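Dear colleague,

I am passing on a structure for you to look through at your own pace. Please open it first, and then read my notes alongside it.

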Amino acid sequence: MKKKYQLLSLLKKIKKNKLSSNLNTLNLEKRKLERISEDLKEMLEQSSFVEGEILNSSQLRQTSSFRENLQEKLQISSNREIHLEKEMNNYLGEISKI
């Protein structure tokens, strides 16, 4: 009986360590995404149209396309951050149950 309890206790520790490791990995990924989002926002700000600046149609299309691409990447990063937050909360819930 004592051996069975020790084995269950060991399995519990292993599961908790694995969940903690996964949580740490998600946390690192979330921080990377936050830095990427900051960089994308900065690039978006730097590529904004300057009032009074004269652009030809090609420059206008190119800049607009570039800014649209940045906005899409920002949205994807934001969605991924939300997903990671949910995953992290799930892991925290699992860890607290152990």
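Below I describe the overall form and then two patches on the surface.

Please keep in mind throughout that this is a predicted model. The protein has 2 helices and 0 strands, and its C-alpha atoms fill a box of roughly 85 × 15 × 15 Å when this is taken along the principal axes. The radius of gyration of the protein is 23 Å, whereas a compact globule of 98 residues would have one near 13 Å. Of the 98 residues in the protein, 17% are buried.

The first patch to look at is nonpolar: Leu-7, Leu-8, Leu-10, Leu-11 and Ile-14 together make a surface patch of about 490 Å². One of these residues, Leu-10, lies in helix α1, and Leu-10 counts as partly exposed because its relative accessibility is 46%, which falls between the cut-offs of 20% for buried and 50% for exposed.

The other patch is a negative one, and Glu-38, Asp-39, Glu-42 and Glu-45 form it on the surface. Glu-45 also has its place in helix α1, which covers residues 2-46. Is Glu-45 buried or exposed? With a relative accessibility of 63%, Glu-45 counts as exposed, because the cut-off for that word is over 50%.

When you go back to the model, you could begin with helix α1, where both Leu-10 and Glu-45 are found, and then trace each patch from there.

With best wishes

Key. Residues numbered from 1 in each chain as written. Predicted model: local features only at pLDDT ≥ 70, side-chain atom pairs only at ≥ 80, totals over all residues. Heavy atoms only, no water. Patch = residues over 30% accessible without salt bridge, like charges linked within 9 Å, V, L, I, M, F, W, Y side chains within 5 Å. Areas by Shrake-Rupley, 256 points an atom, 1.4 Å probe, with all protein chains shown as cover. Salt bridge = Lys/Arg side-chain N within 4 Å of Asp/Glu carboxyl O. Lys, Arg positive; Asp, Glu negative; His and termini not counted. Charge placed at Lys NZ, Arg CZ, Asp CG, Glu CD. Helix = DSSP H or I, 4+ residues; strand = E, 2+ residues; numbered from the N terminus. Buried < 20%, exposed > 50% of the residue type's maximum accessible area, 1.4 Å probe, protein only. Rg over C-alpha atoms; globule rule 2.2 N^0.38 Å.
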